[in-house]
Amino acid sequence: AGTLFENNTITTDDGNNYNIIEIWGYEDNPAILNISGSAFQNNKSDSGSIIRVFGEDDKVTISGSKFLNNETYNGLIWNHSEDLSNGGAIEQFIGGTIEISNSLFEGNKSTDSNGIIFNETGGNITISESIFKNNSVSDGHSGGAILNVGSLTITNSFFEGNSADYG
């Protein structure tokens, strides 16, 4: 059986990102998170996300789960890129892998980011058999359901009533 994450609140004004769940592996030790049959509902983070994936080889698998009426600052699920400088004009952007299947995202709001799911450069997301309904992004941002600048594959999924200020 799954886990219920309900009515959790993160409030801060120190300028940092605080998330309900954050995974961040190191070098040869990637972080792995499996979420199955779980519900995330009525959670709020005024400075971060519900789930933030940070490392290059980190992996999150979400199956048969519901994300209902959550409100976040940086998107519900944030596949974050890490800016690694090699000392010259070369910057390497890396991101983790997220697989979502048979899940529902409904009534979620992001107030200062792009997309309920934000997949940055270098990130990989696969979505199948999932529903995105009535999610919104405000404060002049894009991607009502998903903003993707990485690799994204969507199959057999349904999108309805999602909105953003731009796009």
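## A loop residue to start from

Asn 156 sits in the loop that links E22 to strand E23 (158–160). In this predicted model, the phi angle of Asn 156 is near 45°, which is a positive value in a residue other than glycine. The side of the story told by accessibility is just as clear: Asn 156 is exposed, with a relative accessible area of 63%.

A second loop residue is worth a visit too. Glu 129 is found in the loop between E18 and E19, and its phi is near 50°, again a positive value in a residue other than glycine. How much of Glu 129 can be reached, as a relative accessible area? The value is 44%, so Glu 129 counts as partly exposed.

## The overall picture

Stepping back, the protein has zero helices and 24 strands. Of its 167 residues, 43% count as buried. The exposed surface comes to about 8,100 Å², and carbon and sulfur atoms supply 44% of that area.

If you look at contacts with a sequence separation of 6 or more, 80% of them are between residues 24 or more positions apart.

## A six-stranded parallel sheet

Strands E1, E5, E9, E15, E19 and E23 make up an open sheet of six strands, in the order E1-E5-E9-E15-E19-E23 and with parallel pairing. Which strands form the edges of this sheet? They are strand E1 (4–6) and E23, each of which pairs on one side only. From one strand to the next, the twist averages 5°.

At the E1 end, three bridges join E1 to E5, and these two strands run parallel. Within that pairing, Phe 5 stands opposite Phe 40 in E5. As general background, the strands of a sheet pair through backbone hydrogen bonds, in either a parallel or an antiparallel way.

## Phenylalanines in a cluster

A search of the whole structure turns up five aromatic pairs. One of them joins Phe 40 and Phe 67, whose rings are stacked at 4.7 Å centre to centre with 0° between the planes. Phe 40 belongs to strand E5 (residues 39–41) and Phe 67 to strand E9 (residues 66–68), so this pair ties together parts that are 27 residues apart in sequence. Are these rings buried or exposed? Phe 40 is buried, with a relative accessible area of 0%, and Phe 67 also counts as buried at 0% relative accessibility.

Further along the chain, the ring centres of Phe 105 and Phe 132 lie 4.7 Å apart with their planes at 0°, so this pair is stacked as well. Phe 105 is in strand E15 (residues 104–106) and Phe 132 in strand E19 (residues 131–133), so here too the pair ties together parts that are 27 residues apart in sequence. Phe 105 counts as buried at 0% relative accessibility, and Phe 132 is likewise buried at 0%. Together, Phe 5, Phe 40, Phe 67, Phe 105, Phe 132 and Phe 159 form one aromatic cluster.

## Strand E18 and its partners

Strand E18 (residues 124–128) is a nice place to watch side chains alternate. Ile 125 and Ile 127 point to one face and are buried, whereas Asn 124, Thr 126 and Ser 128 point to the other face and are not.

E18 has pairing partners that can be followed residue by residue. Strand E14 (residues 97–101) runs parallel to E18 and is joined to it by five bridges, with Ser 101 opposite Ser 128. E18 also pairs with strand E22 (residues 151–155), in the parallel sense and over five bridges; there, Thr 126 stands opposite Thr 153.

## The nonpolar core

How many residues does the largest nonpolar core have? It has 21, and those with the most contacts inside it are Ile 51 and Ile 117. Several strands each supply at least two residues of this core: strand E3 (21–23), strand E4 (32–36), strand E7 (51–53), strand E8 (59–63), E14 and E18. E18 therefore appears both as a contributor to this core and as a strand with buried Ile 125 and Ile 127 on one face.

Technical notes
Residues are numbered from 1 along each chain as its sequence is written. This is a predicted model: local features need pLDDT of at least 70, side-chain atom pairs count only at pLDDT 80 or more; totals for chains, interfaces and linings use all residues. Side-chain values use heavy atoms; hydrogens and water are left out. Rings of Phe, Tyr and Trp (its six-membered ring) pair if their centres lie within 6.5 Å; planes under 30 degrees apart count as stacked, over 60 as edge-to-face and the rest as tilted. Helices (H or I, at least four residues) and strands (E, at least two) are DSSP runs, numbered from the N terminus. Buried means under 20% relative accessible area, exposed over 50%, partly exposed in between (1.4 Å probe, protein chains only). Two strands pair if DSSP finds at least two bridges between them. Contact means heavy atoms within 4.5 Å. Accessible areas come from the Shrake-Rupley method with a 1.4 Å probe; for residues, only the protein chains shown count as cover. A nonpolar core is a set of buried Ala, Val, Leu, Ile, Met, Phe, Trp, Tyr and Cys residues joined through side-chain atoms within 4.5 Å. Axes are lines fitted to C-alpha atoms, for helices over the stretch in contact, and angles run from 0 to 180 degrees between N-to-C directions.
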